[in-house]
Amino acid sequence: VNQRGIALLTAILFVMIATAIVVSVTHEEAFSIRKTARIQTMDRAGLYALGLEDWARLILMRDSKDGKIDHLEEDWAVGIPGLPIENGFLSGYLEDEQAKFNLNNLLSSEESVNRFKRLCNNLEVDTLFIDALLDWMDSDFDLRYPDGAEDDAYETHRVGNRFLVDVSELLLVKHVTPEMYNILRPHITVLPEPTFINVNTMSETIFLALGENLNPDTLTAERKKSEFESVEDFITRMQLPINDTELSVKTDYFLARGQVTQGELSFSFDTLIHRDTNGVTTVLNRSLGRL
């Protein structure tokens, strides 16, 4: 009897082990299938994003042949609404990066620093960090007075001592908080060189940073009449007591932004595009991520 009992227990044990193995293999197989399907979905999303990127480059090249100024009534500013694709949809649009304040302008002139301070003040962002930001970007190790910050001010990293390479780098600078960053983010950019602000595409927020006592309603009214043909045209029509430095009616840097939805997964992409004076476009960087 004892032997039959032992044999029965052994058989039950074998069945349990076999069942556990089957369940484990089935689970691993299902996980592998889901993982493979997700990778394939991401690959398809990446291809769709590249297609939108090609659309952006093509429309920018065509635009360069149509006129010498860039404004918000042109085809590049229209964008693509939700377009159906296999198992989902895609959409995309272009942003004029020179409608924003380029942080890499700060070392170019005192006027750029003053405009950035006005931008911060208008957005109620404490300007305490600006000296530290300038120290982060300049090539020396001399502290700016009174709130500068070089290597000694940081415990976990060193200052860049170069142009910023991404807007998010601002979060590494002393005195900058995530709350401040989130407020500034829609109005700032980082481009690989100092650039001019396009007066035809800038927001009212950026306009107000150009000088003191400006009226954004005048900007809106004048742009409704017609786009500015030159910086001189802008200053004359707006009757502004400012000089024309670091302003333009032409843009060289654009950001192609889009969303690709595949089934239950959605992906966003950003591509920074440079367009030269001959209309030739170059992709400077791109990113693709889950939403």
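How much area does the protein expose, and what share of it do carbon and sulfur atoms supply? About 16,500 Å² is exposed, with 55% of that coming from carbon and sulfur atoms. Keep in mind throughout that this is a predicted model.

**Figure 1. The whole protein, with its seven helices and nine strands.** Start here to get your bearings before zooming in. The protein has 291 residues, and 42% of them are buried. If you take the contacts between residues at least 6 apart in sequence, 58% turn out to join residues at least 24 apart.

**Figure 2. Close-up of the F116 and F129 ring pair, one of five aromatic pairs found in the whole structure.** The two rings sit edge-to-face, with 5.9 Å from centre to centre and 90° between the planes. This pair ties together distant parts of the chain: F116 belongs to helix 2 (residues 110-122), while F129 lies in the loop between helix 2 and helix 3 (130-137), 13 residues apart. Both F116 and F129 are buried. Ring pairs also bring in F101, giving a cluster of F101, F116 and F129.

**Figure 3. Close-up of the W136 and Y154 ring pair.** Here the ring centres are 5.5 Å apart and the planes meet at 80°, so this pair is edge-to-face. Once again distant parts of the chain are linked: W136 is in helix 3, and Y154 is in the loop between helix 3 and helix 4 (178-184), 18 residues apart. Are these two residues buried or exposed? W136 counts as buried because its relative accessibility is 2%. Y154 has 11% relative accessibility, so Y154 counts as buried too.

**Figure 4. Close-up of strand 7 and strand 8, which run antiparallel.** Strand 7 covers residues 253-262, and ten bridges join it to strand 8. For one of the partnerships, look at L255, whose bridge partner in strand 8 is L272. How much of strand 8 (residues 265-275) is buried? Nine of its eleven residues are, which leaves the strand mostly covered.

**Figure 5. Close-up of the turn in the hairpin of strand 7 and strand 8.** Two residues lie between the strands in this hairpin. If you're checking backbone torsions, go to G263, which takes a positive phi near 65°.

Terms used. Residues are numbered from 1 along each chain as its sequence is written. This is a predicted model: local features need pLDDT of at least 70, side-chain atom pairs count only at pLDDT 80 or more; totals for chains, interfaces and linings use all residues. Side-chain values use heavy atoms; hydrogens and water are left out. Helices (H or I, at least four residues) and strands (E, at least two) are DSSP runs, numbered from the N terminus. Buried means under 20% relative accessible area, exposed over 50%, partly exposed in between (1.4 Å probe, protein chains only). Contact means heavy atoms within 4.5 Å. Accessible areas come from the Shrake-Rupley method with a 1.4 Å probe; for residues, only the protein chains shown count as cover. Rings of Phe, Tyr and Trp (its six-membered ring) pair if their centres lie within 6.5 Å; planes under 30 degrees apart count as stacked, over 60 as edge-to-face and the rest as tilted. Two strands pair if DSSP finds at least two bridges between them.
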